Amino acid sequence: MNLRALTRYLFFSASLVFSTAVLASDAAHDWLMKINQAARMLDYEGVFVYQHETQLEAMRIVHKVENGTARERLVSLNGAPREIIRDQREVTCYWPDKNSVMVEYRKADNQSFPAILPERLQDLDNYYSIHLGNVERITGRPAQRVIVKPVDQYRYGYHLWADRETGLLLKADLLDTQGKILEQFMFTQINIGTKIPASALKPGMTGKDMVWHREEEDRKTVSTMPQWTATQLPRGFRLSAHIARQTLMRKRPVEHLVYTDGLAAVSVFVEKRGEGTKPFMLGPSRMGAVNALGARVDDYQITTVGEVPAETIALIGGSVAPVAKE
């Protein structure tokens, strides 16, 4: 083979490898979009389990979309009885063992299985390596595995299994920086596209004779001028939401900041301490994949929490300070 032919061969081979890698990446992104859309737009009902550390919870879920609006009902199948009704606006939690019902507005960082992905996925390539794995069987259905691996120690990784036919997420593993599974969601039974009557979305309990705690709409305001900010963020994290609200139980103003890289999210809550209040959490804590940090700045309690590594919480939470006045 002469030099010119060898050069053309090497150039063609390199181009083929590059093109294959780009196509594989595009295919993985397409699957993320399918997962994102399916969880919000499909009607489905089933049972999934949630495992974290040594605990295993089972939930029945009913999800229906009508006139472009999704409504969802979840019922616990083990442990303390509870029932949750969710729509795009609010979340209603029934706790019969506590004789209480709590009604809250959907939080800015709220993403729940099987809708665990945000709507914006454009910038993930800068902070995650995303590619396809094998096709496997989950709850008796062929499922495409999508691997989302972080590029640094400030975020977790994900293994996702999407139904090949519909794109609905059937299983999700959250992994730490060493590849260890921190928590897992998996459907054990699922019906997709089934006709769901309106009665299936009504709570099984009326809440009569229970104590109701309701977040009042006129006390929830959205401010364009945060009073507090995180001065240090991992690469890729940015402020995505800022909400000023009254706490549901303590009835005091709280500033809520949400920082995200497009997949992982960290919430910062800033609340002024009042006279006679109980001591707030101070220092780091962890429950499963969720890390938290409590700190005090002057008369304010700073609580930082998220499904991210402890290093991320320490960096963000440890840098929260009042916005400098001009």
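**View 1. The largest nonpolar core of this predicted model brings together 35 residues.** Tyr-128, Ile-130, Val-148, Leu-160 and Val-268 are the members that touch the most others in this core. Helix H1 supplies the largest share, four residues. Both domain 1 (19–211) and domain 2 (219–322) contribute at least three residues each to this core. As a general background, nonpolar side chains in soluble globular proteins tend to be buried together.

**View 2. Here we zoom in on Val-268 and its contacts.** Setting aside neighbours within four places in sequence, Val-268 is in contact with Glu-255, His-256, Leu-257 and Tyr-259. Val-268 also meets Ile-302, Thr-303, Thr-304, Ile-316 and Val-320. Apart from the largest core lies another core, of 19 residues, including Tyr-44, Met-59, Ile-61 and Cys-93.

**View 3. Tyr-50 and Phe-185 form a stacked aromatic pair.** Five aromatic pairs turn up in a search of the whole structure. In this one, the ring centres are 4.5 Å apart and the planes meet at 15°, so the pair counts as stacked. Tyr-50 belongs to strand E1 (residues 44–52) and Phe-185 to strand E11 (residues 181–192), so that the pair links distant parts of the chain, 135 residues apart. Tyr-50 counts as buried because its relative accessibility is 18%, and Phe-185 counts as buried at 17%. Ring pairs join these two with Phe-48 and Phe-187 into a cluster.

**View 4. Two lysines sit over tryptophan rings.** The charged end of Lys-98 is over the ring of Trp-95, 4.8 Å from its centre. Lys-171 lies over the face of Trp-161, with 4.4 Å to the ring centre.

**View 5. Asp-163 is a buried residue of strand E9.** Strand E9 spans residues 157–163. How buried or exposed is Asp-163? With a relative accessibility of 1%, Asp-163 counts as buried. Not counting residues up to four places away in sequence, Asp-163 touches Trp-31, Arg-141, Pro-142, Ala-143, Leu-168, Leu-170 and Ile-192.

**View 6. Confidence varies along the protein, from helix H1 to helix H2.** The mean pLDDT of the protein is 82, and 80% of its residues reach 70 or more. Confidence is lowest in helix H1 (residues 3–41), at a mean of 61, and highest in helix H2 (residues 310–317), at 96. Over residues 6–24 the pLDDT is below 50, and this stretch has two contacts beyond near neighbours in sequence. Residues 217–222 also stay under 50, yet the model has 13 contacts for them beyond four places in sequence.

Definitions and conventions:
Residues numbered from 1 in each chain as written. Heavy atoms only, no water. Helix = DSSP H or I, 4+ residues; strand = E, 2+ residues; numbered from the N terminus. Buried < 20%, exposed > 50% of the residue type's maximum accessible area, 1.4 Å probe, protein only. Contact = heavy atoms within 4.5 Å. pLDDT = per-residue confidence, 0-100. Core = buried A, V, L, I, M, F, W, Y, C linked by side-chain atoms within 4.5 Å. Domains from an automatic or database assignment. Phe/Tyr/Trp six-rings, centres within 6.5 Å; stacked < 30°, edge-to-face > 60°. Lys NZ or Arg CZ within 6 Å of the ring centre and 35° of its normal.
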